[in-house]
Amino acid sequence: MNYAMALDYQNCINCKACEVACKEENGVQLGADKQRIWVGVTEGSVFGNPFVNLYPSQCNHCIDAPCVSVCPTHASHYIDGGIVMVNPTKCILCKGCMEACPYDARFVDDTIVAVDKCTLCHHRIDEYGTTACQATCPTKVRLFGDLDDENSDLVKLLKKRKFFFLKEGEKTLPKLFYLVPEDENFLLRSVGKETKIHTWDEIKPIYDEAKAKRSKEWKKS
Amino acid sequence: MKVEISRRRFLQGSVALSVVGGTALGTTNILADTKESEDVKIRPTKKVPSLCEMCVNKCALIAQVRNGVVKKLDPNPLFPKSKNMLCARGDAGIHALYDPDRLKYPLIRSGKRGDGKYRRATWDEAYSFIKEKMVKILDEEKDNRSCIGYCAGEGMAEPTYKEFMAEKFGSSNFINHASICLQTAISGYALTIGGYGSADLDNAKYIIMAGANRAEAILTPDTMNLFKRTRGRGAKLVVVDPRFTNTAIHADTYVPIKVGTDLAFVLALTYVAIKNRLYNREFVEKNFDNFNIYKMHILESNYTPQWAEKITGVSAETIEKIAYDFMANAPESVYYQGRRSTWTSSDFQLRRAQAIFSALGGGIDIKGGIVFGKSLPLDKEEINSPIYANAQERIEKKAAAIIGSTGSWIAWRNMVAEGNTPYPIRGFFVYKQNPMLSVPNTKKTKQMLEKLDLVVVIDTMPSDTAMMADVILPECTYLEKEDPIRSFGGVEPAIVLRQKVIEPMYETKPVFDIMKGLAEVLTKPLWENTKKYDEDVQSDLKDEKDEQKYYKENGFDLTDMFGTSQEEMNKKMFVGKYGEKAWSDLRAKGVFYPNMDKYFKKIDNNTFEYYPENKKTYQIDKLLEKADKDAYLHDTCINPKEISELRKFFKTPSKKIECYLGNLKKKGIDAMPTWRAESYVEIPKGKFKFITGRHAQFTQDATQNNIMLLELMKENYAWINDKEAQKRGIEFGDEI
């Protein structure tokens, strides 16, 4: 199993249902800066016409996760399905992982005095087959699934649609697949020129190979 | 124009927010033990399907309950209206339930009105207090029941409260939010195309959304349908709004318009469509009444795009292009009706003009246009209403041309505040509304409340209005009660049930029980009063020797409305039509519609099919004749009774699209949408018009104490145009 998420980010209306569902589901610490999940906002204008792009985001559960590599106490670790987790009892709050993460997906939970982050709702996968953020979303931005399962809705979707990653240049092999919009205008204004566009056939061998290398660390949860 | 704030920028300025709310709560789930070690699988013991009430939509939810504590609210995928979602407010419903500031016990005022001093009372004490005042007032007013006014906010249990006050207690002075919310849109559409309907955003190809903000003022199923189809995916979206909203960021064309000039914009669209013969001639021929008069009116008034450009600030080319594109995509084109529509005095005519423009394309009662759908019938609960000879009609009946059964808040308030009523208004009941904040002119509302001998507030949370009450009765939240069963009509109709998730906390009760308790203490003393002053009753009683029998048979026994529990009532309303098996299914699943087990399909975790395409009700035969009753039941803000009342009153005689309403003219209102330059107030140079809008994180002021929502949006920002702000040296985040 190799859990990942596809995001049809152009559906997002920034209603923040995902942020609240995440907090309620996972008992995340209260506070505006204590978010396991968020919506990135950029603004601009083309010929005087304003636009806003929304990039819903969370931990990328990178296959080659620098946060796991950098952790001196193995508090940051992988579990089954390649989900990156933090064991709060081992965390010494050195915050190395927070520095290492290219996505700023980690924060300090003061109630447990440890670093906290998205868990892809691993505790509810068996029962619900998906995360709280996907389930609650009014416009259905996210689709959670298993990259190893060719018949999963996720892989079926990724075979149909092109996608890109945020900060691919960090070479961490992130697993949030941002679906390329069909609309050219929206594509032009929301995807940078340097951003690489990928297809499933081309990315699958790369991700498979990387997984083979690192999945020895994936413990059964 | 400033558009919210990015996450990064937000984080910089928000360190202080980490202690948001200031309570001692560390984690979000109040009684959470979610920090248990990772290997303890969290398994809730019970899942209860119910309905959200954090706003008007009534999304279906499934509550997870463990050890009597609600741990999580999940979306229920079975309801076609809410399509498996809960928004931020819905998710945060737990914090409405476990809000430490909730009203917990009945309170009786111990200080002056408005100073917030109350003492805790028992329910008996609170009821006796109300009884004594009511008996005295009704004695002094000689059994004129209408001397007690009452208002309510929208909600599943609003009918219980309203029906008791209107049908049993017998007062005609009911007011709700409609007159300061969507009344003009409902009246405008009902009198023009026969109903308000709903826009089929699942199929429309071209949508003009003017002053409506479906990304932030979430409405089901519109919000979910629309934003999966914008950006080149089937629906072209034109957003007309002075503010660059989250809906505008999805628009193909964003049209900033001068505040209050929408009518000129629509009239110019109509002009282009008529002048260039772009409209659906076959549809107009068949379904319009008095089209030629309207055509002449539009052309002769010279509502050209150039004329509108000067008023609206929207270029003539843009107007022309929108009119052409709209008609090219018709009938799958919609000029979106809008909801919170009471903006200016021209608003009723604006909604009429919108409806006629939409109809010119033929997009009425058709897939992709404005549809009416059907609803699943429920049996009715009969109320034995007494007739009080001395109860008078509502005070503000003549304040406007159209005053429906929900009244006019502003006219009513002003008349009471100014002591300008045909008979004295002595008391006021408030259920789940906060007129001190929601009705314009707080000072005047305060003045009105100060005049009254008795103010009773029923609510879940303290509010500015509760502070003006003599007695505060605490209602439980939506998660602690069963409410009247509800049928939601539409293209994909369904019946849903709000079930009790946990027992009411503290000493709170559902409004059903509150009104029942009130009925029990009031019924006998008020009957004595009726006998004393009601001449009809007196003369009847001369012939009827058995007074008790007369009292019961004629509905004077106020408690007979509450003979059975809400649960039994719901069952009675449902089982006659659908049977016992369907009833147990409904209780288990929270949602019912015929053939649900066959029709409902999960396509993937995001996509569900509720009805096969050929079973969806896009079109109803002979729309205008049949649409009177059932088809409007898709919304708790829209009262089907009121629409049929309206249509009866104004006798839309042709049963067609009404271009010309002669009946209105008799009341001094334009029979056709007309731009009245004299009633439009130009914005003086250097000044602004203040307009309001919605955020997806709050529902007016009802959610303003919600600790979870407050951290999403701590402050309600005022928006100002970038350049204007620069001129005045106003920076982002400044206090103004």
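Mentor: Two residues are in contact if their C-beta atoms, placed from the backbone, lie within 7 Å. The model is predicted: local features need pLDDT of at least 70, side-chain atom pairs count only at pLDDT 80 or more, and totals for chains, interfaces and linings use all residues. Residues are numbered from 1 along each chain as its sequence is written, while chains are lettered from A and ligands numbered from 1 in the order in which they are written.

Trainee: Which residues is B:Val238 in contact with, leaving aside its neighbours within four places in sequence?

Mentor: Apply the contact rule, 7 Å between C-beta atoms. Skip the close sequence neighbours, and B:Val238 is left with B:Ile207, B:Ile208, B:Met209, B:Ala251, B:Asp252, B:Thr253, B:Val255 and B:Ile322.

Trainee: Which helix of chain B gives the most to the largest nonpolar core?

Mentor: A nonpolar core joins buried Ala, Val, Leu, Ile, Met, Phe, Trp, Tyr and Cys residues through C-beta atoms within 7 Å. Buried means 20 or more other C-beta atoms within 10 Å of a residue's own, placed from the backbone. The largest core has 249 residues, and B:Val238 is among those touching the most other members. With 11 residues, the top contributor (helices are DSSP H or I runs of at least four residues, numbered from the N terminus) is helix 8 (residues 262-275).

Trainee: Where does this core lie in chain B?

Mentor: Domain bounds come from an automatic or database assignment. Both domains give residues to this core, so it lies between domain 1 (7-97) and domain 2 (183-372 + 618-660 + 667-679).

Trainee: What share of the residues in chain A is buried?

Mentor: Use the burial rule again, 20 or more C-beta atoms within 10 Å. Among the 221 residues of chain A, the buried share is 50%.

Note on methods. Buried ≥ 20, exposed ≤ 12 C-beta atoms within 10 Å, placed from the backbone. Helix = DSSP H or I, 4+ residues; strand = E, 2+ residues; numbered from the N terminus.
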